[in-house]
Amino acid sequence: MPEHIAVLDFGSQYTQVIARRIREAKVLSRIYPYNTQASVLQEAGAQGLILSGGPSSVLVDGSPHPDAAVFEMGVPILGICYGEQLMAHMLGGEVGKSEEREFGHGILAIKHKGKLFDGMPDSLRVWNSHGDRLEVLPKGFKAIASTENSPFATIENAERNFYGMQFHPEVAHSEMGTKVIANFLFKICGCQADWSMTSYIEQTVQKIRESVGDESVILGLSGGVDSSVAAALIHKAIGQQLTCVFVDNGLLRLNEREQVEKLYVDHFDLDVRVADKGKLFLDRLAGISDPEQKRKIIGNTFVEVFDEAVQALNSQGNYTYLAQGTLYPDVIESVAIDGNPAALIKSHHNVGGLPDKMNLKLLEPLRELFKDEVRELGTQLGLPKEVVWRQPFPGPGLGVRVMGEVQEADLVILRKADAILQEEMMAADLYYKIWQSFCVFLPVKTVGVMGDERTYENVVALRIVESVDAMTADWARVPYETLRAVSNRIINEVPGCNRVVLDISSKPPSTIEWE
Ligand code: XMP
């Protein structure tokens, strides 16, 4: 197993941020549940440990503790916030309730630089968020920095290479936080800065070749970032042993299928089989207006169609692998600790239930990567910006953007309106700056006038949001000029639509999609 830094997750909302900061310093990091056995970490090649923060208090019975043997592994350890208190508590120090909760900015006064603060100024603005504080240090430790509220804001046992800090070096508001982390990695753990996308590509291509051998791989290509990058990477490794299946469910955007065919077949020379099943999906959706039921029908039909495509392929070759664009955040087991926001952030719409029964081995070449790393990988593999930076598009497609029963005539209107919105967002240089921009077809008709005639036609809503992770979102303040251009064009160019409205709801309480 490759050398890496292990981050033990005690339920902090920043655990993934810590792991990313380490990778940004070109060192491989992995996140483990807090109670992972020391022997497992040792065997996996952990060169150093970071104990994350967390919502618990070491003063509470049953609070999460690591395997005590981690302190005997002989590797450097950095405890952050709850992680610092845990380390001190388990090594014989004392933790008490602080009179005042320390939250937000504080000034860290550095008394002794040592390896951790090497090359830093004497004081730093740092970001804190904790209620407990350390009162008595464990044997062998000394305080090397303090804040107004915490005399032991940073502690060190230089002999054992154990460090603890009350503040969060991983968050952007902690001044020189990345340098603190870099010092831990390079000066204390002795890591090499050799984790890079180029080396990742080389190693992964090699691994894919070794595991696949002369067998064949199937991949469900949606055209989204993850499946596209997975396809490009696997194709680089095994060329024509990869076959992609693209399901046309009749709920795609304007020209989407043609674009996928053009890019992947013409440009990348991928073997893409298109399952042309729009009619089947729309037939099954006929008469259905309940959103949950619509989603279920679309999801189940997808699995069925995909399964059929795989059966058909299997009569032509030895397909033993199913490739998926699973990312690292989908893999990390979020620890179930009360108050851990990460535990709640379980996506409810990962392509669930893709054929366990298919009897295929899984190939998931992006399992180690965060989304931004996948984008970098895609760029290095030559995928165009339109794919790598594409806005998210839901699996059920326009099926959840036509309100109520889905009818072909309404899809035609929605597709044209949506294409105009995307063109104008691109023209205004906004498409890549915001999270999502799309149109929603409303099942109401309104009166209008065009020329001398009254019209009685459909309404389209614009949903344009800013977000970082889709968990929360706010409506984007798009300039009036752009909105005006979009609205004018839709009403003039899309037959059947005589009114455009703007959705100004935030998430929560509203969701991003309307269904
Ligand atoms: P909501 O509407 O729940 O959406 O605020 C959050 C994000 O998830 C996307 N979304 C989906 N993605 N399959 C997907 O792959 C789905 O069924 C699905 N439903 C919503 C949505 O576009 C937004 O980015």
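## Around Thr320, and outward from there

Leaving aside residues up to four places away in sequence, Thr320 touches Glu215, Ser216, Leu360 and Lys361. Keep in mind that this is a predicted model. Thr320 sits in strand S13, and with a relative accessibility of 17% it counts as buried, because the cut-off for that is under 20%. The rest of the strand tells a similar story: S13 is mostly covered, with 5 of its 5 residues buried.

### The sheet

So what does S13 belong to? It is part of an open sheet of 5 strands, in the order S12-S11-S10-S13-S14, with parallel pairing. The edges are taken by strand S12 (271–276) and strand S14 (361–363); each has a single partner strand, so one side of each has no neighbour in the sheet. From one strand to the next, the twist averages 30°.

Here is how some of the neighbouring strands are joined. For each pair, the table gives the bridges and one facing pair of residues.

| Strands | Bridges | Residues facing each other |
|---|---|---|
| S10 (residues 216–220) and S11 (residues 242–248), parallel | 4 bridges | Val217 and Leu242 |
| S10 and S13, parallel | 4 bridges | Ser216 and Tyr319 |
| S13 and S14, parallel | 3 bridges | Ala323 and Leu363 |

Ser216 turns up twice, then: it stands opposite Tyr319 of S13, and it is also among the residues that Thr320 touches. If you are tracing side chains along these strands, remember that in a regular strand they alternate between the two faces of the sheet.

Two helices are worth finding next. Helix H6 (residues 225–238) lies across S10, S11, strand S13 (319–323) and S14, and runs at about 165° to S10. Helix H7 (residues 256–267) packs on the sheet too, where it touches S11 and S12, and its direction makes about 165° with that of S12.

### Ring pairs

Now for the aromatics. How many aromatic pairs are there? The count comes to 8. One of them is Tyr328 with Phe370, an edge-to-face pair at 5.5 Å centre to centre, with 80° between the planes. Tyr328 belongs to helix H10 (residues 328–331), while Phe370 is in the loop between S14 and helix H12 (371–380), so this pair ties together parts that are 42 residues apart in sequence. Both rings belong to covered residues: Tyr328 is buried with a relative accessible area of 6%, and Phe370 is buried at 1%.

Tyr431 and Tyr432 also make an edge-to-face pair, at 4.9 Å centre to centre and 85° between the planes. Are these two buried or exposed? Tyr431 counts as buried at 9% relative accessibility, whereas Tyr432 is partly exposed, with a relative accessible area of 28%.

Elsewhere, ring pairs link Phe10, Tyr34 and Tyr82 into a cluster. Tyr82 is also one of the buried residues of helix H3, along with Gly83, Glu84, Gln85, Leu86, Met87 and Ala88. That helix (residues 82–90) is mostly covered, with 7 of its 9 residues buried. After H3 comes Gly92, which has a positive phi, near 105°.

### Helix H15, one face in and one face out

Last stop is helix H15 (residues 480–493). Its 14 residues, at 1.5 Å a residue, should span 20 Å, and the end C-alpha atoms are 19 Å apart, which agrees. Which of its residues are buried? Those are Thr482, Leu483, Val486 and Ile490. Looking down the axis of H15, you will see these buried residues fall within an arc of 100°, so they line one face of the helix.

What do they pack against? The buried residues of H15 meet helix H14 (408–427), strand S15 (436–450), strand S16 (453–466) and strand S18 (497–502). On the other side of H15, you will find Tyr480, Glu481, Arg484 and Asn492 exposed.

Notes:
Residues numbered from 1 in each chain as written. Predicted model: local features only at pLDDT ≥ 70, side-chain atom pairs only at ≥ 80, totals over all residues. Heavy atoms only, no water. Expected span 1.5 Å × (residues − 1). Buried < 20%, exposed > 50% of the residue type's maximum accessible area, 1.4 Å probe, protein only. Arc of directions from axis to C-beta. Contact = heavy atoms within 4.5 Å. Pairing = 2+ DSSP bridges. Axes fitted to C-alpha atoms, helices over the stretch in contact; angles between N-to-C directions. Phe/Tyr/Trp six-rings, centres within 6.5 Å; stacked < 30°, edge-to-face > 60°.
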